[in-house]
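Biologist: Hi, could you walk me through this one? I'd like to go topic by topic.

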Amino acid sequence: MRSIPVSSRSRAAILAFCLSLLLSACAAKGPLVPPDPPEVRDVTDLPQDLFAYLGPDGGRSVFTPDVQAGMLRGFLTGHFAPWERTSPPKDPGDAFWGLNHFAAKKVYGENLLRRSPAWMAEMRRLSRPEDFPNFGRPAVAVVHTSLRVLPTLEPAFLNRHLPGEGFPFDYLQNTAIWAGTPLYLSHLSADGAFALAHCRYASGWVPLADVAFAGSEFRKKFQSAPLVTVTRDRVPLADEHGLFRFEARVGMLLPLARATARGYEVLLPVRDARGEAVTVRGLLPPSAAAPLPLPATAANLARVGGSMLGEPYGWGGMYGHRDCSALLMDLYTPFGLGLPRNSRQQGKAGEYISLEGLSDQDKETAILARGVPFATLLWKPGHIMLYVGELGGRAMILHDVWGLRTEERGREGRHIIGRVAVTTLTPGEELPELEKPEGLLLHTIRGMVLLGSKNP
């Protein structure tokens, strides 16, 4: 059979055609990657700038001087209370609740595989609940760290296929604590790697390497000096030798060594070779710190809160980020108001006004009428928000939010916001998949809390 000559151009065309078929076939078998969901309209269209919501009276105080002074006294007493302890604040049942709680649940590790009974047995061995309390010393955090439910940094996730579960919801994460936080250590793990620690607002297991024992001289130095509060988030803080120690975070308090034209020289806690706390000096610029308490004006609250806008959501303080209640607790620390750590307790931190039984429209009307911008919390089960004012007749809130409840094809889901943001009370209302009315924050808000009307 006689072969038909093929030109080089024809061969190239045939080769290109075959290659395109091959690529098409491969692409057809590859996974279908859905596009990223759109941002909710509130986040893209509303000013993500708290000063946009101040109005003409931004310099006004949201608390009277007497109220703020009373708040400060209570806050300082609670802040240093761990150093006055001689026994733990919790009974063994409270301290070790996680052992029984998670033993009865299916929990998963970082490899997405179920934790074995042997893992839980090891957690019980390390916890030594039968010996509680086996220790008792005041201490201080020397780095930013976490209080954990069990003596491990390994996570425990619930079913990742359920909405609002799996990553990043590590249920062993109780809270983050910033460097300089006074602690009382009541119990050591069997391997000596963790200590059960108690601070003003929470308890949990902390890596022992992240804290130092606070002797009497150290405590005296820390407690007798005026305190400086951080007013701008994530400022690198080095010691007098130029060695980076940690980032200054809103919510931190450090003793003042001296004020200079360059800023505030503060005492930084450092762990020595014996595990004892000593101090070195660091410098905070005047734009990032102020003497405690900062005057409680709406403008100051907007300035401090604005430095945290856009930061990622962090369940329980994961990865050094904040959740909804940590945002508000840290926001009010520079003003000497010691809010509790979780949203349910924050919902009781002032005069509570119930909004239950009202229509959504009437709820918003009540918030606009009675709410004091930058001094009013809005509470729903599992979430807490700060009312910052109105824009175009709508109430505006600052909050650290993970996601909004959705429903598609009968399946519940989440539309992720995942950051600190300013929104209306109905973020995501334009989304066709938003479950209505349950997915609207306004519909599920139960009450408002007027801070300063009753000392927490």
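Modeller: Happy to; we can go through helices, cysteines, the sheet, backbone oddities and aromatic rings.

Biologist: What should I know before we start?

Modeller: This is a predicted model, in which local features need pLDDT of at least 70 and side-chain atom pairs count only at pLDDT 80 or more, while totals for chains, interfaces and linings use all residues. Residues are numbered from 1 along each chain as its sequence is written, and side-chain values use heavy atoms, leaving out hydrogens and water.

Biologist: Great. How many residues of helix 9 are buried?

Modeller: Nine of its nine residues, 324-332, are buried. Buried means under 20% relative accessible area, exposed means over 50%, and partly exposed is in between, with a 1.4 Å probe and protein chains only. Helices here are DSSP runs of H or I with at least four residues, strands are E runs of at least two, and both are numbered from the N terminus.

Biologist: And what do those buried residues pack against?

Modeller: Among the partners are helix 8 (298-306), helix 10 (343-346) and strand 16 (376-380). Strand 17 (383-391), strand 18 (394-408) and strand 19 (411-423) are partners too. Contact means heavy atoms within 4.5 Å.

Biologist: Is there a residue in helix 10 that shows this, and which residues does Gln 346 touch?

Modeller: Gln 346 lies in helix 10 and counts as buried at 0% relative accessibility. Leaving aside residues up to four places away in sequence, Gln 346 touches several residues, including Ser 325, Leu 328 and Met 329. Those three are listed among the buried residues of helix 9.

Biologist: Switching to cysteines: how many disulfides does the count come to?

Modeller: Zero disulfides, by the rule used here. A disulfide is a pair of cysteine sulfur atoms within 2.5 Å.

Biologist: Why is Cys 199 too far for a bond?

Modeller: Because the closest cysteine sulfur, in Cys 324, is 17 Å from the sulfur of Cys 199. Cys 199 is buried at 9% relative accessible area, and Cys 324 is buried at 7%.

Biologist: OK, helix 3 next. What span should its 16 residues have?

Modeller: Helix 3 (residues 65-80) should span 22 Å at 1.5 Å a residue, and its end C-alpha atoms are 23 Å apart, which agrees. The expected span is 1.5 Å times one less than the number of residues.

Biologist: What covers its buried residues?

Modeller: The cover of helix 3 includes strand 4 (182-188), helix 7 (216-224), strand 8 (227-230) and strand 11 (253-260). Among the buried residues of helix 3 are Met 71, Leu 72 and Phe 75.

Biologist: Strand 8 and strand 11 again! What is the strand order in the open sheet?

Modeller: The five strands run in the order 13-12-11-8-14, with antiparallel pairing. Strand 13 (277-284) and strand 14 are at the edges with a single partner strand each, so one side of each has no neighbour in the sheet. The twist averages 45° from one strand to the next. Two strands pair if DSSP finds at least two bridges between them.

Biologist: How many bridges join strand 8 to strand 14?

Modeller: Three bridges join them; in one of these, Thr 229 has Ala 290 of strand 14 as its partner.

Biologist: Which strands does helix 7 lie across?

Modeller: Helix 7 lies across strand 8, strand 11, strand 12 (263-271) and strand 13, at about 25° to strand 13. Axes are lines fitted to C-alpha atoms, for helices over the stretch in contact, and angles run from 0 to 180 degrees between N-to-C directions.

Biologist: Where are the cis peptide bonds?

Modeller: One joins Phe 167 and Pro 168, with omega about 5°. Another joins Leu 292 and Pro 293, with omega about 0°. Pro 293 sits in the loop between strand 14 and helix 8.

Biologist: Last topic: how many aromatic pairs are counted?

Modeller: The count is 15 aromatic pairs. In one of them, the ring centres of Phe 63 and Tyr 332 are 6.5 Å apart with planes at 45°, so the pair is tilted. Phe 63 is in the loop between helix 2 (41-45) and helix 3, while Tyr 332 is in helix 9, 269 residues apart. Rings of Phe, Tyr and Trp (its six-membered ring) pair if their centres lie within 6.5 Å; planes under 30 degrees apart count as stacked, over 60 as edge-to-face and the rest as tilted.

Biologist: Which residues form the aromatic cluster?

Modeller: Phe 169, Tyr 171, Tyr 313, Trp 315 and Trp 402 form one cluster.
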